[in-house]
Amino acid sequence: KSAPVDLTLDVSKPGAKIDRQIFGQFAEHLGEGIYGGIWVGKDSTIPNTRGIRNDVVAALKELKVPNVRWPGGCFADEYHWRRGVGKDRIASMNANWGGVIEPNTFGTDEFFDFAQQIGTEAYVSVNVGSGTPAEAAEWLEYMTADKANGIGAERAKNGHEKPYKVAYLGLGNESWDCGGAMTPDFYVDQMKLHARFDRNYNPEQTMSRIAVGPSGGDTPYTEAVMKAWKDHSWAWNIEGLSLHSYTTGGGFPVSQKSEGFSEKDYAVVLKDTLGMEDLVTKHSAIMDKYDPEKKIALVVDEWGAWYAATPGTNPGFLMQKNTQRDAVLSALNLNIFARHADRVRMANIAQMINVLQAMILTDKDKMLLTPTYHVFHMYVPFQDATFIPVAYDAGTYTHDGITLPRVDAIAARDKSGKVWVAITNIDPSKPATFNLSAAGLKASKATGQTLSAPKFDSANTYDKPNTVSPKPISAKASGGRFAITVAPASVTVVSLEP
Ligand code: AHR
C-alpha cells in the first residue's frame, strides 16, 4: 500500500486559460488515416454522408474536436491541391507512406465537408517543400475567396458557393527533415514568402499562421524563426511556432511494442513522454527572449506515441495498438500542456484515426474507440477552462532502476464556474488514494469518471470494445476533504459539486 496523496487546490489563484485548441487532432493521407478511416466513398455499404463515415463522425462529435490538421505531415509538402478538386481527380503516388496510390478522391471540398460534419476548425498545411508560393496562394484563394474573386469561382463551380474558413495555416511541415531538409535560414526565407502571399480572403475568419519550429530539443529553428519574427515588417507575420516530439521510448527507428510489453517498457515509455515538460520549458524560454508578451503560440502539432508497426501490417501505414499505457501517456501530456497554458495554446495528437496513437480504429465496417479516445472525452470539460494551481507530493514509482513520479494532477474551473480535477496514477501495480481539498470552495461531492484496465497493456478489440472504458466514480466530502481511491495505471476526472 502507498501513502495517500494530499492534493490541495488553490482556487484563489487562477492561472491561464487552457486553450481548447490543445485538444486538436491530426489527419494525414497516411495508411488508413483518411481512406477507410474517414472516407469510404458515396457508394459504400458503410453508412456515410457524402462519402464520410457516419460512425466516425458521431464518435468525433463527442470529443468536441477543436481543430483538425490536414493533409499532412510529410504528405503536405508533396501535396498538389489541384489534383484533389473537381470532377476529374488525378491520382498520384504517396511516396512518403507505403508507396501506395493516392486517388485524391478526398480533397479540399471533402475535407471541409468532414470538418463541418464534426464541427471543427480547419488547420491546413501548405506545400512549402515541393510547391511554390503561387500554388499555395491559389489554394488559399480557392478555399477562402468569394465566388466573384478569381479561383473562388472555381470552388463555387464545384458546388461550394460559400468561402471556407481556414482558422490555422501551417507554413510547411518538418522543413528540417521530410519537408526539404532546409537550414533554418533557408526555411525562414520560404516562410516569409508564404506568410506574405498565402492570403485569407474570408472576412468572417481570422487565420493564424503557424511556422515550422523545432524537432524535439533542437533549438536552431526556434531561434531563427523567433528572431525573424521579432524583426518582422508590416508585410508579413506569424502567430504560432510548431514543435514536433514523439514518444518512442528509445528513439528512431522505433522498436517498442504497442501491446504485449513488459512493465519495464511501460516505465521506459512513460519516462520518455514526461520529457515533454523539459521540451516545452526549453522552447518557451527561447520564445520569451524574443516575445516576452507571448504573442506567438507554441503549437505542439505532432505529439503522441510512435511504436513498432503491428506485425503483419504495412510498415508505411504506421498502424499500432492503443492500450491503457497510451491513456496514461495522453493524460500526462495534456497535463503538461495545461501547466504551460500561457504559451502552449494549441496541440495536435498524431493521429486521429488508424495511425499512430489514434482515437479511433476502423476495419472495414467496424469501428472501435481506443483508451486514448476515452481520455480526450473525459478531458472535454478542460477545454477553455481556467487553470487552477494544485499542490501535492507526487512521490515516486520505481521499476528496474527507472524512476517516475507516482501520480500527476491538474485542476481547472470551467466557464460555468464548476471545478474539475484530473488525476493520473502512473504506478501500474498499486492503487492511489488522493485526499483532495480546496479551501474556499463549497463542495460536498466529487463525481466523474475513471479509466482503468485489467492490465497496463489492455486494449479494446472489435470483439471486446469495452475492455478499457470509463466507469463512474464518486466521493463525499468529509472534514472538508474528498478521499478518492483510483486503480493502478488509471486516469480519473471528477467535478466538485455543491
Ligand atoms: O505523423 C507521422 C509523420 O511524422 C508526419 O508525417 C511527419 O510530420 C512526422 O515525421
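In what order do the ten strands of the open sheet run, and is their pairing parallel, antiparallel or mixed? The order is β16-β20-β21-β26-β23-β24-β25-β22-β1-β17, and the pairing is mixed. Strands here are DSSP runs of E with at least two residues, helices are runs of H or I with at least four residues, and both are numbered from the N terminus. Two strands count as paired if DSSP finds at least two bridges between them. The structure is a predicted model, in which local features need pLDDT of at least 70 and side-chain atom pairs count only at pLDDT 80 or more, while totals for chains, interfaces and linings use all residues. Residue numbers start from 1 along each chain as its sequence is written.

At the edges of this open sheet lie β16 (386-388) and β17 (390-391), each of which pairs on one side only. Within the sheet, β22 (residues 432-438) and β25 (residues 481-486) run antiparallel and are joined by five bridges. One place to look is threonine 433, whose bridge partner in β25 is threonine 485.

A second sheet is a closed barrel of eight strands, β2-β5-β8-β9-β10-β11-β12-β13, with parallel pairing. On average, neighbouring strands of the barrel are turned by 30° against each other, direction ignored. Axes are lines fitted to C-alpha atoms, for helices over the stretch in contact, and angles run from 0 to 180 degrees between N-to-C directions. Strand β2 (residues 24-26) meets β13 (residues 344-349) in the parallel sense over two bridges, and glycine 24 stands opposite asparagine 348 of β13.

Helices pack against both sheets. Helix α8 (residues 276-290) lies across β11 (240-247), β12 (297-305) and β13, at about 160° to β11. Contact between two residues requires that their C-beta atoms, placed from the backbone, lie within 7 Å. Helix α10 lies across β23 (445-451) and β26 (490-497), running at about 160° to β23. The axis of α10 (residues 371-378) also comes within 7 Å of that of α9 (residues 324-339), crossing at roughly 35°. To this contact α9 brings Gln324, Asp326, Ala327, Ser330 and Ala331, and α10 brings Pro371, Thr372, His374 and Val375. By class, these are four nonpolar, four polar and one charged residues; Ala, Val, Leu, Ile, Met, Phe, Trp, Tyr, Cys and Pro count as nonpolar, Asp, Glu, Lys and Arg as charged, and the others, Gly among them, as polar.

The ligand is surrounded by Glu28, Gly72, Gly73, Cys74, Asn173, Glu174, Cys178, Glu302, Ala350, Gln351 and Leu356, a residue being near a molecule if its C-beta atom, placed from the backbone, lies within 6 Å of it. This shell has four nonpolar, four polar and three charged residues. Two of its members, Ala350 and Gln351, are worth a second look: the peptide bond from alanine 350 to glutamine 351 is cis, with omega near -10°. Glutamine 351 sits in the loop between β13 and β14 (360-363).

Another cis peptide bond joins phenylalanine 252 and proline 253, with omega of about -5°, and proline 253 belongs to the loop between β11 and α7 (263-273). Asparagine 104, although not a glycine, has a positive phi of about 60°; its loop connects β7 (100-102) and α2 (108-118).
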